[in-house]
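Take a walk through this model, one contact at a time. The starting point is a charged side chain and its accessibility.

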Amino acid sequence: MLWGYEPVGAPTSELPSHLLSHCRIKGKSNNQSFAFIHTHPNSVIALTYAVANLDTKSLSKLLWQSHAECVVVFPQGIEFLPWVMAGSMDLGRATADAMSRRNLAVWEFHGICGCGRNLDEAYGRIDVAEKAAEICLRVMAAGGAKNTLSEQQIRAIAANFNCPLDESLFG
Ligand SMILES: [Zn+2]
């Protein structure tokens with residue numbers, strides 16, 4: 001430690017995830033992205049309990065279908081990380097890997113991480129994912145979806161707003 005935390009205190013217990021992710025997002029964004037947030041949004045966490053066999057494909061599609069704004073805000077999808085011990089180097093490495101591919105990563109039973117060019121952009125991505133997760137849970141509580149956005153409609157929204165959709169998440 002070189003500075004601060006006097007007379008007592010310590011950095012966040014998720015320091016490995018913060019520092020390793022900063023390294024990755026700095027590189028992938030050509031020094032344009034500098035913000036990384038980790039937080040515990042209720043609905044995103046609840047979704048990891050409520051839906052069986054989640055993975056990056058199924059979670060991304062579920063949230064894209066839960067609100068039309070999602071594919072515009074996170075067209076590269078949302079990474080799903082199965083449970084890893086909080087504060088561990090393993091979680092830090094897995095999160096940094098996720099941040100090299102996308103701007104959001106969900107930690108099963110724990111929370112979410114988001115990155116962006118600044119705190120507004122990182123927080124905005126998390127907020128939209130949380131809103132979609134809440135809508136998804138309300139739909140499930142109301143008996144399940146009777147209608148949903150189709151893949152064709154999601155593609156059309158992404159094209160309309162010129163968003164680089166990760167097609168590998170379909171199918
Ligand atoms: Zn946490």
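This is a predicted model. Begin with R117, which counts as exposed because its relative accessibility is 51%, and the cut-off for exposed is over 50%. The side chain of R117 meets that of E121 in a salt bridge, 2.5 Å from N to O. E121 is on the other side of the accessibility scale: it is buried, with a relative accessible area of 19%.

E121 has another partner. Its side chain also forms a salt bridge with R125, at 3.6 Å from N to O. Both E121 and R125 belong to helix α6, 4 residues apart, or about one turn of the helix. R125 is buried as well, with a relative accessible area of 13%. Elsewhere, K61, E151, R155 and E167 are joined into one network by salt bridges that share partners.

The whole structure holds 11 salt bridges. One of them pairs R102 with E79, at 2.6 Å from N to O. This pair links distant parts of the chain, 23 residues apart. R102 sits in the loop between α5 (89-101) and β3 (104-107), while E79 lies in strand β2 (residues 79-81). How accessible are R102 and E79? R102 counts as buried at 9% relative accessibility. E79 counts as buried too, at 6%.

Next, the metal. Which protein atoms are donors to the zinc ion? They are NE2 of H38, H40 and H110, lying 2.1 Å from the ion. Along the chain, the donors follow the spacing H-x1-H-x69-H. H38 is buried, with a relative accessible area of 18%. H40 is partly exposed, at 47%.

H38 falls within the residue range of strand β1 (residues 35-39), which is mostly covered, with 4 of its 5 residues buried. Strand β1 runs antiparallel to strand β4 (residues 111-116), and 5 bridges join the two. In this pairing, F36 stands opposite C115 in β4.

The zinc donor H110 also helps to line the largest cavity, together with W83, V84, L91, W107 and E108. About 30 Å³ of space lies in this cavity. The lining divides into 4 nonpolar residues, 1 polar and 1 charged.

Finish at the largest pocket, with a volume of about 230 Å³. Two elements give two or more residues to its lining: α3 (56-66) and α6 (119-141). The lining comprises 14 residues, and L62, S66, C136, V139 and A145 lie nearest the pocket centre. By type, 8 are nonpolar, 6 are polar and none is charged.

Notes:
Residues are numbered from 1 along each chain as its sequence is written. This is a predicted model: local features need pLDDT of at least 70, side-chain atom pairs count only at pLDDT 80 or more; totals for chains, interfaces and linings use all residues. Side-chain values use heavy atoms; hydrogens and water are left out. Donors are N, O and S atoms within 2.8 Å of the metal (3.2 Å for Na, K and Ca); water is not among the atoms, so sites may look incomplete. Buried means under 20% relative accessible area, exposed over 50%, partly exposed in between (1.4 Å probe, protein chains only). On a 1 Å grid over the protein atoms alone, a cavity is a set of points where a 1.4 Å probe fits but cannot get out, and a pocket is an open set with protein on both sides within 12 Å along at least five of seven lines; lining residues have an atom within 4 Å of a point. Grid points are joined across faces, edges and corners, and a volume is the space filled by probe spheres set on the points. Ala, Val, Leu, Ile, Met, Phe, Trp, Tyr, Cys and Pro count as nonpolar, Asp, Glu, Lys and Arg as charged, and the others, Gly among them, as polar. Two strands pair if DSSP finds at least two bridges between them. A salt bridge is a side-chain nitrogen of Lys or Arg within 4 Å of a carboxyl oxygen of Asp or Glu.
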